[in-house]
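Student: Please take one helix of this model and go through it closely. I would like to see its length, its packing and then its setting in the whole chain.

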Amino acid sequence: MNKKILMGASALVMTAFSTTYAFAQEETVTEDKIIVTGTRRTARSAADSPAPVDVITGKEFINQGATDMTDLLRLAVPSYNVNQQPISDAATLIRPANLRGLSPDETLVLVNSKRLHRAAVISFLGGGISDGAQGPDVSTIPALAIKRLEVLRDGAASQYGSDAIAGVMNFILKDDAEGATFEAKFGSNYDGGGDSYSVAGNVGLPLGDIGFFNITAEYSEQDPTSQSVPRGDVEALLAAGNGSVANAFQLFDTPANIAQPWGQPRVDDDIKVFINTAVQFSENGELYAFGNYAQRRTEGGFFFRNPTNRGGVFAGPTVDPVTGALDPNGVPSVRVGNLAGIDANACPAGIPLTSGGGLIPDPTVLGVVTNDPNCFSFVELFPGGFTPQFGGNLTDRSIAVGVRGDIQIGNGLSYDLSYKYGKNDANFFISNTINASLGPNTPTSFRPGGYTQEEDNINLDLAYGVPVAGFASDLNIAAGFEYRVESFTIRSGDAASTAIGPLSAPSAAFPNGQGFSSSSNGFGGFIASSAGTSRQSNIAFYLDAEADVTDKLILQAAVRYEDFDSFGDTTNYKVGGLYKVTDNFTVRSTYSTGFHAPTAGQANVTNVSTVFVGATLADQGTIPLSSAAGQFMADFLVSQGQNRPTLGPERSDSLSGGVAFKIGPASFTIDYFNIKVTDRVALSSSFNFVAALQTVATDNGVAFGANDSTSQLLNSLDAAGILNAGDFAGSEDLTSFGFFNNDFDTRTEGVDFVVNMPIDLGRGFTTLTGAANYNSTKVIRNGNISAGRLRQLEDNLPAWRGNLTLNHEEDNWSALVRANYYGSFFEDHLDSNLAFPINGGAEVTFDAQLALKFADRYQVAVGANNILNNFPDRNPFGSVVGAKYPLTAPMGINGGYYYLRLTATM
């Protein structure tokens, strides 16, 4: 058996019409390339594929400064967008990325043609487009492990199943049976922040006469960055004499007036290991396996808690300016708690904010509170406020085992039977914060719990070539089966992260109604009632056919039936064709239907995030639509004349059409796409739970107080027999929440342009490659999404993105220059529902690299991304929370980055 089996049964030849990005002469567009994505036929060239397939060589990933695969993809694939996601809860830990303007979980990611499991993190704060997405974590893949990446720019749910709406990204691992490569890299931003380094190695070993064991390992670390300006309220506090503000943030050193940095997080102990192996067991069959282990610790900052007005911690009632007693006509105050819990009047109701222009607590009343052991205020612990530091310990592991080969029946029946297991863990931590309800007994570090995503996949793929009279090739018929089980687990937090302490305000009068918030501030712990495991499974069957009908005409068709135990069944199909008008001009087109099913996590997760509502910081919950509170809100919306929220699979219809042609030595491809997605699965806008309860109480004649809490309202409605308050456990502290549902429809259309051209300079080897993407999304049905979210969906990503790369290689040196274009974009800053709208302008950046090879096996490279240190337009609302630039700027916010790389090849 030759090495074709070891590389997979699909040995597909790639010609100049396929899109290849390369950095070395031996990997240019004229070199034949095997591909395995978008077709189940052997010996199929990418030029003969009815759908466009881009091939990015492993060398392109190595020849960049970044170490994270997410950032490497952003430069390699113009239709792939990602940003730093600062202060975005768990989305900072695993950043959501968008292909062709769609949600991260609408792109299917494969490794060696097998589905990559999802990450445990759900992006509750995903910048509008990615809100609620749960996609895979491609940053667990080390760049040195990649032989090539194949990007199918077409809907492919009928071929691969759920999620393949925007396209398919297939990472093919190295399969060398000999040799080794070692790499060390250091880089930093021009301003001195964000230092990063990595060391990596790839080693190939033989197994028997024809077999291999290939292993890649990488270790890296990354320092945080800060692209911040002083917040207006911080500067006011400093001007008023509150120098303690300088101590609010403690993760890394910042100027005294930067209490809340914006930038990339700190990443420590980032370990990535991938193995890929196969061994022959007969002349026509082999056993194979691949898998990974990865871990990292990521930590960043949250929003600053102002010591004069943060609700539930510092903000108090209006009080007498002299005594601190309650006075509805008085002045604002800092809240005071009575630790004895006996007499409501034993302590001042608040410390009047009468000094420093109303920003400094009155020293006399503060002294009374400080000297009385039964009185307490958080300005005693954090006189300058505090900025929580949030992070997670992430681990990822997977293993795939299988058997593949050919059975000598007729023309040969190829088979591939495999099992794959994947698991992703996110264990959260938060520090420099409090549980306000515990008063002075609060810890300042918490373990609020975590998430786990597990997936089991069993696949059987068969293919057989059937001779058909008059056809230019056999009719390739493929059929297969898939069984997949996924589970999502919520682990409860430590006791202090969930505690409702003596100073909390759940329902009753004094001493239980003192107005301090419960749970760890910034990211509340998961309570025991929300912890547990949710599962869902699905089974699928598919049939695929493809043939060269004539030497010029290729036709393809596929159909897939899939049944989910949670959401029912779906049948999807795809048809495609390619016609060779001449040897140098080809037209191609496909039409397909697709689907994306909600994950077990999306259907069952509970979470609380701190977000801006208008211009005010507030806690916003996410609960299951199936919960008592979720169903209450669904009933309420119907009673108000709105449609009832539902959660089920989203559907898609995709049309693509394009041409590929050559003019002299240059090759071009132009492809149009149109993707309609109905009933998109997404996190809804936030609903006011308190207002809904008040309306229900009013409609049913139930008396309540104007300032009654959620819990008090629930108890009142329970007493009146309207509902059972016990069913709302875990929701009694929420004032507003959202849930996953099918909330809106969109249409995304655009054009991809690619050009590849060798250039004869009379010496060495030079190539010019260009790629551009035009992308437009419109919301064509709006359920309950806000105006700000709608603008983010339509305009947050740039309509135009592209790059042009000139690469030259000669003797022992090579050079690269790249120009990147990022079109204009819109940002609903802080997801404020258009309170802070930003229209960002288009930007151009340049990258460059020079590499020198010596002693045949060593190379040193120096380079820079964004070599001219360009930045996006300044944020006109920077003083609100201190962000210097728009946070979703497609070019990033960190400016220029230089790097040094040393490589040894054995």
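Tutor: Helix α9 covers residues 628-639, and in this predicted model its end C-alpha atoms lie 16 Å apart. Twelve residues at 1.5 Å a residue should span 16 Å, so the distance agrees with the expected value. The buried residues of α9 are A629, G630, F632, M633, A634, F636 and L637; buried here stands for under 20% relative accessible area. An α-helix has 3.6 residues a turn, so residues three or four places apart point the same way. Within the buried set, F632, M633, F636 and L637 can be read with that spacing in mind. What do the buried residues of α9 pack against? Their partners are the helix α10 (689-699) and two strands, β31 (687-688) and β32 (736-738). Just after α9, G641 has a positive phi of about 85°.

Now the setting. The protein chain that holds α9 has 13 helices and 41 strands in its secondary structure. Its radius of gyration is 29 Å, close to the 29 Å from the globule rule for 906 residues, so the chain is as compact as a globular protein of that length. Along the principal axes, the C-alpha atoms fill a box of roughly 95 × 60 × 50 Å. Of the 906 residues, 60% count as buried. Among contacts with a separation of 6 or more, 71% join residues 24 or more positions apart. The accessible surface of the chain is about 31600 Å², and carbon and sulfur atoms hold 55% of this area. As for charge, the chain has 57 positive and 92 negative charges, whose mean positions are 5 Å apart.

Technical notes:
Residues are numbered from 1 along each chain as its sequence is written. This is a predicted model: local features need pLDDT of at least 70, side-chain atom pairs count only at pLDDT 80 or more; totals for chains, interfaces and linings use all residues. Side-chain values use heavy atoms; hydrogens and water are left out. Helices (H or I, at least four residues) and strands (E, at least two) are DSSP runs, numbered from the N terminus. The radius of gyration is taken over C-alpha atoms; the globule rule is 2.2 Å times the number of residues to the power 0.38. Buried means under 20% relative accessible area, exposed over 50%, partly exposed in between (1.4 Å probe, protein chains only). Contact means heavy atoms within 4.5 Å. Accessible areas come from the Shrake-Rupley method with a 1.4 Å probe; for residues, only the protein chains shown count as cover. Lys and Arg count as positive and Asp and Glu as negative; His and the chain ends are not counted. The place of a charge is taken as NZ of Lys, CZ of Arg, CG of Asp or CD of Glu. The expected span of a helix is 1.5 Å times one less than its number of residues.
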